[in-house]
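Work through the two exercises below with the sequence and the model open side by side, and try each task before reading its solution.

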Amino acid sequence: MAVSNVVTLPRDSPKVESILVPTDGSALSMAAALKAVEFAQRLQASIVAFNSIPVYQYPVYVGGIPFEYPSEADYETQCRAVAERYLGLVTDAAAKQGVPVETRIEFNSNTAQAIVELAQREHCGMIFMGSHGRGGLSRAFLGSVALKTLTQAHVPVMVDHPTEEEIARAEELMRQNAIEP
């Protein structure tokens, strides 16, 4: 079976006004987000760049909470600051291409559910996300946010598998902005 990189949309399909672009801060998701910006420009759509952060988990130790463990407030502040830096790269790329963009950050340990719910709340006509493209046992054991999003979403989901070159460009962009890929 041949795999095509071309996606055709029927002429009578509704215009996509807004695209949800989730990113987890990895170079892979950043590469997909940069592609999503180009895609949005072609569709003349806006972007909602999104980062879902796992909810704070209290450590469970026999002796209590260790002193070096951050408080819930510190955890949320630190995570939000990191997420804002990642989303800032998407915002900058969108601004350079003339694509309107908004950002959203949520604390939710079920990333796929958070993506689907945000797409509904923000009235996004599509979700554009990256995937490692793992299959078989890797997917069975690790789960796949992309797969879970595909099965739960009520809007089209474009799953991108960035090339090594695209990931390398995203890593370089992240390094230039003092963000560890």
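**Exercise 1.** Determine which residues of helix α6 are buried, and where they lie around the helix.

*Solution.* In α6, E166, I167, A170 and M174 are buried, where buried means under 20% relative accessible area, exposed over 50% and partly exposed in between, with a 1.4 Å probe and protein chains only. Seen down the axis of α6, these buried residues fall within an arc of 100 degrees, so they line one face of the helix; the arc is that of the directions from the helix axis to the C-beta atoms. The face turned away from the buried side of α6 carries the exposed residues E164, E165 and Q176. The partners of the buried residues are α1 (27-43) and α2 (72-97), against which they pack, contact meaning heavy atoms within 4.5 Å.

The model is predicted, so local features need pLDDT of at least 70 and side-chain atom pairs count only at pLDDT 80 or more, whereas totals for chains, interfaces and linings use all residues. Residues are numbered from 1 along each chain as its sequence is written, and side-chain values use heavy atoms, with hydrogens and water left out.

**Exercise 2.** Describe the geometry of the aromatic pair formed by Y75 and F107, and place both residues in the chain.

*Solution.* Rings of Phe, Tyr and Trp (its six-membered ring) pair if their centres lie within 6.5 Å, and planes under 30 degrees apart count as stacked, over 60 as edge-to-face and the rest as tilted. By this rule there are three aromatic pairs. Y75 and F107 form a tilted pair, at 6.4 Å centre to centre and with 55 degrees between the planes. This pair links distant parts of the chain, since Y75 lies in helix α2 and F107 in strand β3 (residues 101-107), 32 residues apart. Ring pairs also join Y56, Y75 and F107 into a cluster.

Notes: Helix = DSSP H or I, 4+ residues; strand = E, 2+ residues; numbered from the N terminus.
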